[in-house]
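Work through the exercises below with the sequence and the 3D view open. Try each task before you read its solution.

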Amino acid sequence: MMSNQEAAVFAGLRVPEPDLTPDQVIARAAAMRPVLRENRLKAAEEGAYSVELHEAFDQAGFYRLVQPRQYGGYEFSLETYYRVMMEISRGDPGIGWCLTLGTGHTIPLVAHYPEEVVREAFGSDGLFIAPHSASPRGMATPVEGGYLLTGVWPYSSGVAHSTHAMVTAVTTTESGEMAMIVALLPREDYIVRDDWGAHMTMALGASGSNTVELTEVFVPATRTSPFDWSTANYPQGTHGTASTENPLYLGNIQPLYAASLACVQVGAARAALDAFEETILTKKRLYPPQIERYKHPETQVIYGEARGIIDAAQAVVLTAARDYAHLGEQGANGKPAATEDWLALGNMLYAASRLAHEATELLFRSVGSSVSQKGVPLQDYFLATQMSRAQTAEHRPHIGQMLAQAHFNLPPQ
């Protein structure tokens with residue numbers, strides 16, 4: 001059997017920097033913090049990060065972090081990927097959201113689509129960027145060889161620089177039952193509405209969460225997958241585990257998608273802590289003793305409490321990354337993880353997001369009235385977490401209920 005590197009050469013794809021290490025790529029992400037913050041307002045206005053930043057991300061290798069080596073990627077661990085995305089989000093949460101949700105769907109692509117489709121998606125240059133709008137907002141009508149797909153998918157985060165899009169649609173099976181599928185679309189098959197940025201939302205303007213639209217587009221059956229990505233245990237593995245021999249590509253998305261959100265929120269909380277520190281180093285207390293705030297015990301306690309919460313949230317994310325790898329390896333050794341195990345990981349990652357929200361709120365309300373001024377960084381970081389908090393409030397009860405049902409052997413509702 002060919003090694004990953006031999007397979008990459010065979011496919012015409014080579015890893016741009018074969019000797020790139022996890023520490024190096026994480027350091028690259030951290031070094032970009034100043035330029036990301038300089039671009040914060042511009043990216044929010046334009047609805048996504050610039051072409052120049054896109055090219056910088058590409059050159060840094062950020063789009064290839066969890067891409068298999070045989071398709072021109074680095075095939076780093078989830079822990080490395082999450083550390084990079086937290087660093088980018090610390091630079092700017094909106095930019096981090098756009099990058100994270102544009103790159104994270106490499107794993108379900110490799111896991112759930114046939115090898116020839118995956119190879120075609122990576123193309124001759126190995127670049128794959130795609131949002132996945134998971135809500136079934138379209139209809140796939142069966143026709144010979146595939147489907148005619150029509151629908152509108154808002155909040156397709158990461159679509160700004162996309163090479164593809166993944167969209168979930170409802171279809172009818174041969175037996176007349178309704179089912180959900182995920183269609184993989186090349187860029188020429190979908191329209192991206194100009195409905196994001198320009199301060200249309202209170203935060204995360206740079207997230208590239210535009211609406212994807214298409215009408216009666218033919219999608220070959222090979223470019224569709226049953227949408228069981230968060231419920232199936234895959235005891236026989238997946239397309240991805242067969243083609244790469246890496247259990248990372250088992251592709252259960254329950255923890256993966258929750259982790260994408262958590263990385264951005266932890267990064268936003270770190271950014272808020274940075275902004276808080278900059279303020280307390282120079283701003284004096286309003287009341288006696290009128291000293292720089294960092295010198296006062298009350299502020300020191302707030303800093304310590306917020307940092308402890310953020311450190312805990314990051315530890316949860318990184319632990320989940322290692323546990324995901326462990327569950328995949330367990331399945332590769334003939335002992336597939338239970339549904340409860342995957343749900344438990346997703347559930348703890350939503351808890352990480354809530355911790356990040358808590359820390360950012362503490363910092364926001366503890367720095368004084370100056371944060372009420374428009375454009376103040378700490379305000380933007382706070383609003384970014386509040387937007388995510390609203391989204392988490394929709395998902396968290398659902399996954400919590402699913403976890404309880406799996407634990408108590410109750411039928412899913």
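**Exercise 1. Is Leu204 buried or exposed, and what is the sign of its phi?**

Step 1. Leu204 has 8% relative accessibility, so Leu204 counts as buried. Here buried means under 20% relative accessible area, exposed means over 50%, and partly exposed is in between (1.4 Å probe, protein chains only).
Step 2. Find Leu204 in the loop between β5 (191-192) and β6 (212-220). Helices (H or I, at least four residues) and strands (E, at least two) are DSSP runs, numbered from the N terminus.
Step 3. The phi of Leu204 is near 55°, a positive value in a residue other than glycine. Most residues other than glycine have a negative phi.

A note on the model: it is predicted, local features need pLDDT of at least 70, side-chain atom pairs count only at pLDDT 80 or more, and totals for chains, interfaces and linings use all residues. Residues are numbered from 1 along each chain as its sequence is written, and side-chain values use heavy atoms, with hydrogens and water left out.

**Exercise 2. Where does Asn409 lie, and is Asn409 buried or exposed?**

Step 1. Asn409 lies in the segment after α14 (377-407).
Step 2. Its relative accessible area is 69%, so Asn409 is exposed.
Step 3. Asn409 is not a glycine, yet its phi is positive, about 55°.

**Exercise 3. Is the peptide bond from Pro288 to Pro289 cis or trans?**

Step 1. Omega is near -5°, and the bond is cis.
Step 2. Pro289 belongs to the loop between α11 and α12 (297-332).
Step 3. Most peptide bonds are trans.

**Exercise 4. Which residues of helix α2 are buried?**

Step 1. In α2 (residues 22-31), the buried residues are Val25, Ile26 and Ala29.
Step 2. They cover an arc of only 100° around the axis, so they sit on the same side of α2. The arc is that of the directions from the helix axis to the C-beta atoms.
Step 3. Asp23 and Ala31 are exposed on the other side of α2.
Step 4. The buried residues of α2 pack against α3 (33-38), α5 (51-60) and α6 (78-91).
Step 5. Now take Thr80, which is in α6. Leaving aside neighbours within four places in sequence, Thr80 is in contact (heavy atoms within 4.5 Å) with Pro22, Val25 and Ile26. Thr80 counts as buried, at 7% relative accessibility.

**Exercise 5. How do the axes of α6 and α7 cross?**

Step 1. The axes of α6 and α7 (residues 93-103) come within 7 Å and cross at roughly 150°. Axes are lines fitted to C-alpha atoms, for helices over the stretch in contact, and angles run from 0 to 180 degrees between N-to-C directions.
Step 2. The two helices are therefore roughly antiparallel. Angles over 145 degrees count as roughly antiparallel, under 35 as roughly parallel, 65 to 115 as roughly perpendicular and the rest as oblique.
Step 3. In α6, the residues that meet α7 are Tyr81, Met85, Ile88 and Ser89. Their partners in α7 include Trp97 and Leu99.

**Exercise 6. Which residues have the most contacts inside the largest nonpolar core?**

Step 1. A nonpolar core is a set of buried Ala, Val, Leu, Ile, Met, Phe, Trp, Tyr and Cys residues joined through side-chain atoms within 4.5 Å.
Step 2. The largest has 88 residues, and those with the most contacts inside it are Phe57, Phe62, Tyr82 and Ile88.
Step 3. Helix α11 (residues 253-282) gives the largest share of this core, 10 residues.
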